[in-house]
Amino acid sequence: MSGNRSGDAMIEDEKSNRLETVIIILAGFAAEFIVGGCFVDGILVAEWMDYFHQGSSMTAWLGTVIVGISFCGALFGNLAVKRFGFRKVFFIASVINATAITMTSFAYSFYVAIALRVLAGCGLAVLMNAVGPYLLCRFPNHSAVVQAFRGMGGSGGTFVFPFIINSCLNEYGWRGCCLIIGGISFQQCALGLVFRNWSKDDKHQNQHRNQHPPDEHQESLLGQRKDAKHNLYQLELFKRKMFVAFLVHSFVLCLSVSTIYVHIVSGSKILLEISKEQSRFTLSAIAIALLVGRVVFSIMTKHPRIDTFTLYMILNALLAIPVGVLPFLKGYTAALVASASNGIFLSAFGSLYVLVPLQLFGSECLYMSYSYSTFFSGIGYLLGAPAAGWIYDATGNYAYSFYFCAGMQILSVVIMIPGLIKHLTKKSETKTDDDENRVKKLTVESANYIISVQSLT
């Protein structure tokens, strides 16, 4: 009888653990879904231009500051999580983010609105960058599922929120829209209560390791994590020319990315002569194509003959084409096609960007190289849309803003051409069968490792 009871208890525990896994991963998906909605602020920028009368350059800050601040604050957000615990920090950050977005609906001053958006960005710095490390450290055996749900959640939010915002703008105006979006953002507070604290997770994982000894690959990752603790900041990276070039590349690239996300709505409406409602759905077209591109190109990187860095550079170069030809197009269909093309090529930044530091600087420098590049990406995202808006204010023609965007995209590729040549040369000289298998194995697993290693600090 006792044996049967013990067996039944083990079955119940296993079922409970599986249910907990599903609940937490779904909560992570929902959190990423809400975060994905922050990338479509370009829809509201078009409304704020008519209300605040600050010009395209100044108003663009309202659309770029939340995501830009979150990029710049990625490292600090993860430090806060490690220091004070995930649940507490996530809950407080959710309250700050949702409250600031909600209070934007009561802003009658442009500068008050800017301050509130900055505050919302500080909250998003935790929400955007802490969910991934939590889920991957919490469920190391379900890393592929976690990555898939995170990607689907972010792209799904970018796809659905234009429909939500469009409906809210038509019914309640931009103030009512911000109020509703703030209400949706408050759901993150409840989601945060589903997650456990880091300390409990560490205990759970230690028990799991005692019951299931780590394999050779897991032991190597643990060794890499211990080494990373001894050399956290790795300032010697700045002595390497390729690393400095990669930082400049990240900055210039996000000047272009920011312009696309913030100005595609207003620019498409004016240049392609489509209605305001139609222009809002250009961001949905970007989101759908972005999701497809992430899946396709992630699968392509598993092929042993495809070099991730080379593919990344090709996609970035191709991104300049739909951006540059946008001023010559007309009609809603052309707007959707151009936006979908942008989304396909933007997936290089969405999925392959995190793999490039691994190939260029090695796994031992992976965390800090990625963290530094993300910081510079955030600065570029902050400045890109306002710069393009200033060009529109000065010329009265959105075509020049998109020419600027395409030019920055080409420049970001040119900056990395010497690094690409050096990378390909070195690869051809030192390539062996064993090295090729090792590199491919690291490439496939690098996205998981990058995010999980962020919890080291």
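This briefing covers the salt bridges of the structure above and a nonpolar patch on its surface. The model is a predicted one, and the count of salt bridges in it comes to 4. Three of the residues involved, Glu47, Lys276 and Arg280, are linked in a network of salt bridges, while a separate description is given below for the pair Arg117 and Asp41, whose side chains also meet in a salt bridge. On the surface, a nonpolar patch of about 670 Å² includes residues such as Ile314 and Tyr403.

**The pair Arg117 and Asp41**

- The side chains of Arg117 and Asp41 form a salt bridge with an N to O distance of 2.8 Å.
- This pair links distant parts of the chain, since Arg117 lies in helix H6 (residues 110–138) and Asp41 in the loop between helix H1 (2–36) and helix H2 (42–52), with their positions 76 residues apart in the numbering.
- Both partners, Arg117 and Asp41, are buried.

**The network around Glu47**

- Glu47 meets Lys276 in a salt bridge of 3.8 Å, taken from N to O, and this contact joins helix H2, which holds Glu47, to helix H12 (residues 276–280), which holds Lys276, across a separation of 229 residues.
- Glu47 also meets Arg280 through their side chains, here at 2.9 Å from N to O, and this pair again links helix H2 with helix H12, the two residues being 233 residues apart.
- Glu47 counts as buried because its relative accessibility is 15%, which is under the 20% cut-off.
- Lys276, at 31% relative accessibility, counts as partly exposed, because that value falls between the limits of 20% for buried and 50% for exposed.
- Arg280 is buried, as is Glu47, so that pair lies under the 20% limit of relative accessible area.

**The nonpolar surface patch**

- The patch, with an area of about 670 Å², is made by Ile314, Leu318, Ile321, Val325, Phe328, Tyr400 and Tyr403.
- Two helices, H14 (308–325) and H18 (398–430), each supply at least two of the patch residues, and H14 gives the most, with 4 residues.
- Tyr403, one of the patch residues, is placed in helix H18.
- Tyr403 has a relative accessible area of 34% and is therefore partly exposed, a value that also passes the requirement of over 30% for residues that make up a patch.

Definitions and conventions: Residues are numbered from 1 along each chain as its sequence is written. This is a predicted model: local features need pLDDT of at least 70, side-chain atom pairs count only at pLDDT 80 or more; totals for chains, interfaces and linings use all residues. Side-chain values use heavy atoms; hydrogens and water are left out. Patches are made of residues with over 30% relative accessible area and no salt bridge: like charges are joined within 9 Å, nonpolar side chains (Val, Leu, Ile, Met, Phe, Trp, Tyr) within 5 Å. Accessible areas come from the Shrake-Rupley method with a 1.4 Å probe; for residues, only the protein chains shown count as cover. Buried means under 20% relative accessible area, exposed over 50%, partly exposed in between (1.4 Å probe, protein chains only).
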